[in-house]
Amino acid sequence: MDISLATVDYLNGSDIGAVAYHAVPADRPEEFLVVEQTGGDSGNRVQTRASVDIDCWSSTRKGAASLADSVRAALFGMPDALDNVFHVEVTTVYNNPDLDSGTPRYTVGVDIHINE
């Protein structure tokens, strides 16, 4: 299972109010999400844990924080929506403004447990 692709597809179907991408789009919308697998473990022959960061971009800090709250809430529904996902643990939510552009951004860190 490509957990980054599955997470992008899941978030795009979750009516969060912002489109999820695998990378920052060339033409940035006012609000958007970027999903990236940042780690995990090979688990065993049955289960794997993937660490994923979802960056929540907006034109304001309040907007980015609100997106992060919506993403966090939506992620808890993944086990009910996706057959191979059996547990989601949000590990962190923090203010993470883009240093190059100064654009407000919050990051939601999550561990997704997958049945192989």
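A residue counts as buried when its relative accessible area is under 20%. In this predicted model, that cut-off takes in both Phe32 and Trp57. For Phe32 the value is just 2%, so the residue falls on the buried side. Tyr21, at 27%, comes out as partly exposed.

These three residues belong together: Tyr21, Phe32 and Trp57 make up one aromatic cluster, and the structure holds two aromatic pairs. Tyr21 and Phe32 meet edge-to-face, with 6.3 Å centre to centre and 75 degrees between the planes. This pair ties together distant parts of the chain, as Tyr21 sits in strand β1 (residues 19-21) and Phe32 in strand β2, 11 residues apart. Phe32 and Trp57, on the other hand, are stacked, at 5.2 Å centre to centre and 10 degrees between the planes. Here too distant parts of the chain are linked, with Phe32 in strand β2 and Trp57 in strand β3, 25 residues apart.

Then there is helix α2. Its 15 residues (61-75) reach 21 Å from the first C-alpha to the last, close to the 21 Å expected at 1.5 Å a residue. Buried along α2 are Gly63, Ala64, Leu67, Ala68, Val71, Ala74 and Leu75. They span an arc of only 140 degrees around the axis, so they lie on the same side of α2. That fits the usual helix geometry: with 3.6 residues a turn, residues three or four places apart point the same way. Cover for the buried residues of α2 comes from elements including β2 (32-41) and β3 (47-57), along with α1 (3-12), α3 (78-81), β4 (85-95) and β5 (105-115). On the face of α2 turned away from its buried side sit the exposed residues Arg61, Lys62, Asp69 and Ala73.

Key. Residues numbered from 1 in each chain as written. Predicted model: local features only at pLDDT ≥ 70, side-chain atom pairs only at ≥ 80, totals over all residues. Heavy atoms only, no water. Helix = DSSP H or I, 4+ residues; strand = E, 2+ residues; numbered from the N terminus. Expected span 1.5 Å × (residues − 1). Buried < 20%, exposed > 50% of the residue type's maximum accessible area, 1.4 Å probe, protein only. Arc of directions from axis to C-beta. Contact = heavy atoms within 4.5 Å. Phe/Tyr/Trp six-rings, centres within 6.5 Å; stacked < 30°, edge-to-face > 60°.
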